[in-house]
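These are my notebook entries on one structure. I set down what I looked up, entry by entry.

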2 protein chains.
Amino acid sequence: MLEGIEIEEGKEREDFAGFKIKPKIIAYPKSEDEVVRIVNYARDNKIPIVTYGAGTSLAGHLQCEGCILVDMKRMDKILEINEIDWYVRVQPAVNLERLNVELNKKGFFFPPDPASYFLCSVGGATANASGGMRGVKYGTFRDWVLALRVVLPNGKVVKIGEPLRKNRGGYDLLHLFVGSEGTLGIITEIWLRIIPLPQRKSYTLLVYVNDVEEAGKLIFNIRKKGILPEIAEYIDDQVVRALNRQLNAGLDESGGGAFIISVEEDYLQKLLDLLAGKKYIITEGDEAEKIYSIRAQSAIALKAEAKLMYVEDIVVPVSRLIDAIKRIKEIEKKYNIRMPVIAHIGDGNLHPNIILDDPVKAQEIFEEVAKIAIELGGSVSGEHGIGVQKAKVLAEQLIAHNGKEVLKIMKGIKDLIDPYHIMNPDKFVELAYKLSEKNEGSISR
Amino acid sequence: MLEGIEIEEGKEREDFAGFKIKPKIIAYPKSEDEVVRIVNYARDNKIPIVTYGAGTSLAGHLQCEGCILVDMKRMDKILEINEIDWYVRVQPAVNLERLNVELNKKGFFFPPDPASYFLCSVGGATANASGGMRGVKYGTFRDWVLALRVVLPNGKVVKIGEPLRKNRGGYDLLHLFVGSEGTLGIITEIWLRIIPLPQRKSYTLLVYVNDVEEAGKLIFNIRKKGILPEIAEYIDDQVVRALNRQLNAGLDESGGGAFIISVEEDYLQKLLDLLAGKKYIITEGDEAEKIYSIRAQSAIALKAEAKLMYVEDIVVPVSRLIDAIKRIKEIEKKYNIRMPVIAHIGDGNLHPNIILDDPVKAQEIFEEVAKIAIELGGSVSGEHGIGVQKAKVLAEQLIAHNGKEVLKIMKGIKDLIDPYHIMNPDKFVELAYKLSEKNEGSISR
């Protein structure tokens with residue numbers, strides 16, 4: 001059945017976060033038709049399918065043993081850039097940085113910018129509803145995907161959504177598929193909304209703060225004043241020192257970390273009013289790029305000094321940021337470990353980085369951090385997703401915030417679309433449901 | 001079971017578009033708990049439920065015979081305006097205009113602006129994923145609802161989504177419920193994203209065009225130049241004359257209609273370059289408000305001169321606008337009727353208004369118009385929804401563009417969440433599915 005499709009056997013891989021991928025075979029389809037044949041083969045032979053973009057997922061989405069790994073890398077064409085309808089149509093393996101290079105040439109861009117943008121595939125980022133620094137202003141992939149072509153578990157090819165800004169064509173299935181982590185089908189084509197490159201001058205400010213509380217109050221005031229930043233980031237004192245050591249960043253180490261914010265020129269004066277008495281620098285152009293790049297390399301600087309590091313990804317309401325970071329610091333003290341914080345502070349998305357050589361202990365600490373998000377009305381994942389790593393805390397969150405019935409509906413949707421149980425099975429919602437059934441007593445709150 | 005709940009019997013209503021509502025009883029719940037009791041009663045007694053906001057739906061969403069009409073008007077509180085987390089939490093019957101008045105006082109606003117904003121309820125607009133003139137820049141309710149509390153058909157109360165900008169908490173069910181036209185549950189609480197009031201000066205231009213082709217080319221060039229308008233509207237020559245007759249609008253009748261566009265000041269020069277040689281006026285402040293208001297009253301002016309008028313609502317890709325309007329004009333000629341066009345031309349959303357005293361003929365013409373949208377890669381509804389009126393053409397669209405399997409999945413989701421078949425049954429997706437099964441031969445393309 002797989003004649004003519006490029007296949008590899010006996011090859012193992014590891015994803016970006018170190019999860020093991022041990023497929024029975026790796027298939028490299030060159031066309032949607034080949035994808036259909038692979039799906040039919042897997043279904044007929046009851047072999048799980050895991051779809052591979054660029055391997056940059058962080059929560060075990062790709063982990064498998066004995067699966068068919070469908071590596072999409074041969075499907076990497078930019079099919080159409082439409083300058084009137086403002087969309088781009090691509091195959092899933094298109095690299096996100098390359099996409100923006102091509103769009104920029106025509107005066108457009110695609111806003112969501114996951115930290116892995118230079119590595120990741122558009123298909124992977126769609127399956128993960130990926131976010132990034134620009135999330136505070138532009139949201140995530142969820143806000144920018146218009147339509148998909150998908151090979152369903154039953155082998156049928158469908159188009160989900162339409163490349164239209166307004167469309168009331170039945171229930172919105174599009175958002176079910178965006179962020180579904182490869183559990184509902186294989187994406188073979190993607191329409192993304194694009195917009196003209198920003199026209200206004202913007203400034204990037206690096207503000208030194210004395211402590212987390214000051215950073216938190218600053219973002220509260222920015223929001224209350226109605227300032228909508230392009231990005232609003234916070235790195236704590238440990239991150240500042242790591243950046244100085246690893247990249248000679250030349251940052252001031254005397255305080256409690258740094259706040260990085262970009263605003264369009266007409267917000268600048270309002271922002272400066274809020275910064276009275278603080279230590280800061282204003283930059284633009286190349287200098288601003290340098291600061292953006294320092295922030296972008298924060299996790300790399302931390303990782304260079306750690307044997308093992310678990311990048312966390314919780315979200316809390318912006319108004320609960322101070323509480324959240326303080327509680328993270330308490331956990332750090334309690335376990336006597338290092339857990340430097342990098343935060344998309346503008347949208348409440350925190351990345352505490354657990355630096356610890358003991359994976360079992362790290363997972364335990366991680367779950368304690370996730371509980372902070374749940375208790376403060378947040379979410380256990382803002383942009384990295386659930387995979388296998390966060391399934392338990394996802395179940396806890398859904399039961400605490402939404403009702404067990406919501407988890408049941410999610411499981412029902414998985415069963416409706418994948419009754420064969422072949423599409424990246426036993427992860428994400430399915431695993432969360434299974435764990436909640438086992439432990440219902442202890443998970444219910 | 002309904003003791004203590006305010007009930008009316010034997011009252012009939014008509015919605016905004018003239019569809020008949022003949023409920024067995026009308027219930028006016030004052031709390032979520034009362035909604036739960038009504039749903040349980042309906043389920044136990046196998047009586048369909050129709051949820052009523054302000055009755056402004058346009059495609060027969062509320063039509064019923066012997067149903068329980070759940071009129072939400074007693075649940076109309078604005079519960080919380082959060083100036084840090086940038087959301088507002090409301091009960092479903094809050095009037096949309098009133099909401100914006102309250103938000104404006106605190107320096108915020110909620111962008112989507114359906115033409116019925118002064119009448120409609122937030123709950124109804126959420127169930128309809130309503131759009132409006134600002135759609136070209138801000139999208140629809142789909143882009144602005146963060147979370148919902150919903151009473152499901154099984155009587156369980158759940159929260160769907162979270163009031164967070166980033167959240168990867170399982171499959172995205174939120175967008176299933178937004179735009180589900182009351183078929184999946186009763187909304188009892190809504191979190192909407194809000195943003196600061198626009199800070200930049202903007203200009204509104206009224207541009208006279210010679211014909212549709214000129215209007216279309218103008219919007220193509222605006223898009224190609226990367227101008228993102230606040231609104232971009234077109235009214236044809238018939239609408240211009242009706243506005244002059246009914247409202248003494250003082251518009252120039254010599255051409256082929258008018259193009260109305262608002263842009264922020266830094267786009268103005270680019271726009272003026274495109275308008276060289278054309279007849280136009282530039283306004284701001286009160287004068288701009290006057291033009292906005294003339295546009296807003298276009299449908300009212302048309303209706304004042306018609307006995308019966310069917311407001312259509314198709315969308316086409318912006319690049320196909322000229323083709324679409326030309327084909328609408330051909331249908332007008334073919335049937336020798338009047339079908340003036342009001343268009344949210346910036347996002348491809350057209351409202352041809354079928355003026356005709358024969359409802360059966362009007363529905364036939366309407367379906368011919370809908371086919372234009374299907375053939376040009378658009379959608380049979382941009383913002384008004386499907387109800388009963390558009391179920392047949394919805395089925396045609398989904399089968400032509402997306403695959404019959406997509407309609408099957410939608411039907412499967414309805415059955416999953418409402419196995420009792422009580423929540424606004426036999427409309428929308430369910431009716432589309434039924435019609436497609438009956439006529440599969442003729443609908444398949």
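**Entry 1: B:Asn128.** I began with B:Asn128 and found it in the loop of chain B that runs between α3 (122–127) and α4 (135–138). I note that I am reading a predicted model. I then asked whether B:Asn128 is buried or exposed. Its relative accessible area is 11%, and buried means under 20%, so B:Asn128 counts as buried. Next I listed its contacts, leaving out residues up to four places away in sequence. Within chain B, B:Asn128 touches B:Ser57, B:His61, B:Gly179, B:Glu181, B:Glu383 and B:His384. From chain A, B:Asn128 touches A:Arg168.

**Entry 2: how the two chains are related.** The contact with A:Arg168 led me to compare the chains. I looked up the movement that lays chain A on chain B: a turn of 180° with a shift of 0.0 Å along the axis, giving an RMSD of 0.0 Å. This is the relation of a two-fold axis. I recorded that 100% of the contact residues of chain A recur in chain B, so the same surface serves both copies. Which residue of chain A comes closest to the rotation axis? It is A:His175, whose C-alpha lies at 3.2 Å.

**Entry 3: chain A as a whole.** I counted secondary structure next, and chain A has 16 helices and 22 strands. Along the principal axes, its C-alpha atoms fill a box of roughly 70 × 55 × 40 Å. I checked the radius of gyration: chain A has 22 Å, which agrees with the value near 22 Å for a compact globule of 445 residues. Of these 445 residues, 65% count as buried. The accessible surface of chain A comes to about 15,800 Å², and 48% of that area belongs to carbon and sulfur atoms. I also looked at contacts with a sequence separation of 6 or more; 71% of them in chain A join residues 24 or more positions apart.

**Entry 4: A:Val90.** I chose A:Val90 as an example of a contact between positions distant in sequence. A:Val90 belongs to strand β9 (residues 87–90) of chain A. Its relative accessible area is 0%, so A:Val90 is buried. A:Val90 and A:Ile190 stand 100 residues apart in sequence, yet their C-alpha atoms are 5.3 Å apart in space. Besides A:Ile190, I find A:Lys77, A:Ile78, A:Leu79, A:Leu99, A:Val122 and A:Glu189 among the residues that A:Val90 touches.

**Entry 5: positive phi.** I recalled that most residues other than glycine have a negative phi. Where do I find A:Ala129, which has a positive phi? It lies in the loop between α3 (122–127) and α4 (135–138) of chain A, and its phi is about 45°. A:Ala129 is buried at 1% relative accessibility. I noted B:Lys46 beside it, since its phi is also positive, near 50°. B:Lys46 sits in the loop between α1 (32–44) and β5 (49–52) of chain B. With 71% relative accessible area, B:Lys46 is exposed, whereas A:Ala129 is buried.

**Entry 6: a nonpolar patch.** I ended on the surface. Which residues form a nonpolar patch there? They are A:Phe16, A:Tyr117, A:Phe118 and A:Leu119, which together have about 370 Å² of accessible area. I looked up A:Phe16 further and placed it in the loop between β2 (13–14) and β3 (20–22) of chain A. A:Phe16 has 47% relative accessibility, so I entered it as partly exposed.

Note on methods:
Residues numbered from 1 in each chain as written. Chains lettered and ligands numbered in written order. Predicted model: local features only at pLDDT ≥ 70, side-chain atom pairs only at ≥ 80, totals over all residues. Heavy atoms only, no water. Patch = residues over 30% accessible without salt bridge, like charges linked within 9 Å, V, L, I, M, F, W, Y side chains within 5 Å. Areas by Shrake-Rupley, 256 points an atom, 1.4 Å probe, with all protein chains shown as cover. Salt bridge = Lys/Arg side-chain N within 4 Å of Asp/Glu carboxyl O. Helix = DSSP H or I, 4+ residues; strand = E, 2+ residues; numbered from the N terminus. Buried < 20%, exposed > 50% of the residue type's maximum accessible area, 1.4 Å probe, protein only. Rg over C-alpha atoms; globule rule 2.2 N^0.38 Å. Contact = heavy atoms within 4.5 Å. Least-squares fit on C-alpha atoms with pLDDT ≥ 70 in both.
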